[in-house]
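Me: Please look closely at one part of this model, the surroundings of its ligand. Which residues line that place, and how are they arranged?

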Amino acid sequence: MQSQIPRLEIRNLTRRYDRRAVVNDVSLRVMPGQVTCLLGPSGCGKSTTLRMIAGVEMQDSGEIYVDGRLICDTVFRVPPERRHIGLMFQDFALFPHLNVAHNVAFGLLGNKAEKFARVTELLERVGMGRYIDAYPHELSGGEQQRVALARALAPKPSIMLMDEPFSGLDNRLRDGIRDETLDILREEDTAILLVTHEPQEAMRMADEIALMRDGRIVQQGAPYNIYNSPIDRSAVAFFSDTNVIRGTVRGALTETPFGHFLAPGVPDGQDVEIVIRPQHIKIDFDRNGRGPNPTPQDGTPARGVVVRARFMGSESLVEFRMDHDGSILKATVPKVFLPEPGKALWLMIRRDRCFVFPNRRGAV
Ligand code: ADP
Ligand code: MG
């Protein structure tokens, strides 16, 4: 199979403010018809990256390519309006004094009839055909967002840059608009680079996630891989609550109150952190000989006392204080499970679902 040329590629992009690299050697590819998501906490450099791609800000080093052609390095620079890049931001601000039709037609070339045809086509696409004469203040947030999408799509951009575009919408609207927006963009074969600080949004929308931290991409891959093979403890914690158990490696094993954990390739004496998501802590309801023994996967049960239990909607979150060291462990249990504080229960850890990382601070 012939390898596809990325629609958008950035290579070694760096941007400094006051000598601090806020974007630090970032490389990324976005394929046509695909959604790549730049995911990271606020301030990690996502918007700055997007602004450089859009051409409204210059990098200190690195290159940007569209369809394999250089559009920007530190010497050569295609101006923003000639990059065929569409933009959608959270404050998508439609022009308040223009009606919907004129807002969508704003960046379009061609004669009046051609523009009108494209405007009506797009408004139909986003389900806003009947609002063609309306003014922005007459529309709800979700409707304005649809018009903004139509406006961004009107010049047929080959790349769409979206910077937290859905964060201004309330939850109920958001899922629907998100999915519709993606369907429309995919039909147009646009390459999408979406920026968000919300892991759920990234998981829901992205074909590929690039996890960003302090100006760098620390991990990149399909959502499934990012979630299930996180590169370090922070990468786990970014997606969910975590529990951490500390131990020291002896003979490629770490012994804990929950039994042995494998630590292949980790040298003797190295301190490690075993990181477990709350949904992978199992409560051993059969502990008192009423059922089967735990499987080898589940290791040795350890006892804890319920501190607090809360119902979260589709699951319950139970916090335990562990007998062996007084630490707190969080477990989620499907549906309703609200044991009284003070109740003792036995907990097990799904060994195939936990992550063992060297504890750098504790390293010898
Ligand atoms: P994100 O979009 O991930 O929240 P930004 O790209 O907006 O992050 O910002 C990254 C860092 O760069 C932040 O620490 C921010 O304060 C800083 N920054 C952004 N723009 C400027 C600027 N024009 N001058 C100085 N610092 C800036
Ligand atoms: Mg930002």
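Reply: The ligand site comes first, and the chain around it follows.

The model is predicted, so local features need pLDDT of at least 70 and side-chain atom pairs count only at pLDDT 80 or more, while totals for chains, interfaces and linings use all residues. Residues are numbered from 1 along each chain as its sequence is written, chains are lettered from A and ligands numbered from 1 in the order in which they are written, and side-chain values use heavy atoms, with hydrogens and water left out.

The shell of ligand 1, taken as residues with a heavy atom within 4 Å of it, consists of Tyr 17, Arg 20, Val 22, Pro 41, Ser 42, Gly 43, Cys 44, Gly 45, Lys 46, Ser 47, Thr 48 and Arg 51. By class, the shell holds four nonpolar, five polar and three charged residues; Tyr, Cys and Pro count among the nonpolar residues, and Gly among the polar ones.

Three contacts show how ligand 1 is held at the level of atoms. The backbone of Gly 45 places a polar atom 3.0 Å from an oxygen atom of ligand 1, while an N or O atom in the side chain of Lys 46 is 2.9 Å from a ligand oxygen. A polar atom in the side chain of Thr 48 lies 2.5 Å from an oxygen atom of ligand 1. Of the 560 Å² that ligand 1 exposes when taken alone, the protein buries 62%, the areas coming from the Shrake-Rupley method with a 1.4 Å probe.

Two elements give two or more residues to this shell, namely β2 (20-30) and α1 (46-54), where helices are DSSP runs (H or I) of at least four residues and strands (E) of at least two. The largest share, four residues, comes from α1.

As for the setting, the chain has eight helices and 20 strands, and its C-alpha trace spans about 80 × 45 × 45 Å along the principal axes. Of its 364 residues, 47% count as buried, which means under 20% relative accessible area.

The chain also has 27 salt bridges, each a side-chain nitrogen of Lys or Arg within 4 Å of a carboxyl oxygen of Asp or Glu. One of them joins the side chains of Arg 178 and Glu 201, with N and O 2.6 Å apart. Arg 178 lies in helix α5 (residues 171-187) and Glu 201 in helix α6 (residues 199-205), so this pair ties together parts that are 23 residues apart in sequence. Arg 178 counts as buried at 6% relative accessibility, and Glu 201 counts as buried at 2%.

Notes
A polar contact is a pair of N or O atoms within 3.5 Å; within protein, one must be able to donate a hydrogen and the other to accept it, and residues adjacent in sequence count only if both atoms are side-chain atoms. Buried means under 20% relative accessible area, exposed over 50%, partly exposed in between (1.4 Å probe, protein chains only).
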